[in-house]
Amino acid sequence: MPSFHFTYDSFPDATSIDPVLQQLMATAAEAARNLSYAPYSKFQVGAAVLLENDAVVQGSNQENASFPAGICAERVALNSAAVLYPGIKVLTIAIAYTKAHIDAEMADEVLSPCGICRQVISEVYQRQNSPIRLLMSSANGKIIMINDAQNLLPFSFGSHML
Ligand code: THU
């Protein structure tokens, strides 16, 4: 039977990962703390994108009183990177979150990109024709790393269909 299978890495804390990626995750966490506009959900998300030219671009969720008009941190970061550094490949995207009350069960849970963000990451992947590494983090500092974020969107819709 056909199947999808992928592997990922799990680290108990950021000190176990490459220092460049550790810094990237710290930059995502800083965006969650200081750049998020989330007055409605109070769920603050930050993203940091590392580009092939070593530039780092931050993003944060930007909510709206008209709820569907809000946008996730990942898309803000990726779209900003596309404008600030056109044509430069995205190597890695790190995401982090914070919120007022995080109970013990929640603390270990990594934030994983929503379906729309997966679709946008997939478009960037197709556009640049090279994989994007994804780093996801939990409130207690655990990190999950997927070397090709495309694995999170099997059977994806893309330009090949149009
Ligand atoms: N959000 C993100 O920014 N990224 C994610 O990966 C999941 C959800 C935002 C959207 C909304 O502002 C808030 O988190 C609650 O859903």
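Visitor: Where is Tyr37 found?
Guide: Tyr37 sits in the loop between α1 (19–34) and β2 (43–51). Helices (H or I, at least four residues) and strands (E, at least two) are DSSP runs, numbered from the N terminus. This is a predicted model: local features need pLDDT of at least 70, side-chain atom pairs count only at pLDDT 80 or more, and totals for chains, interfaces and linings use all residues. Residues are numbered from 1 along each chain as its sequence is written, and side-chain values use heavy atoms, without hydrogens and water.

Visitor: Why is Tyr37 called partly exposed?
Guide: Its relative accessible area is 40%. Buried means under 20%, exposed over 50%, and partly exposed in between (1.4 Å probe, protein chains only). So Tyr37 is partly exposed.

Visitor: What makes Asn61 a polar contact of the ligand?
Guide: A polar contact is a pair of N or O atoms within 3.5 Å; within protein, one must be able to donate a hydrogen and the other to accept it, and residues adjacent in sequence count only if both atoms are side-chain atoms. An N or O atom in the Asn61 side chain is 3.0 Å from a ligand oxygen. Therefore the pair qualifies. Glu63 places a polar side-chain atom 2.5 Å from an oxygen atom of the ligand. For Glu74, that distance is also 2.5 Å.

Visitor: How do you know that Ser41 is near the ligand?
Guide: Near means that a heavy atom of the residue lies within 4 Å. Ser41 is among the residues surrounding the ligand, including Phe43, Val45 and Cys72.
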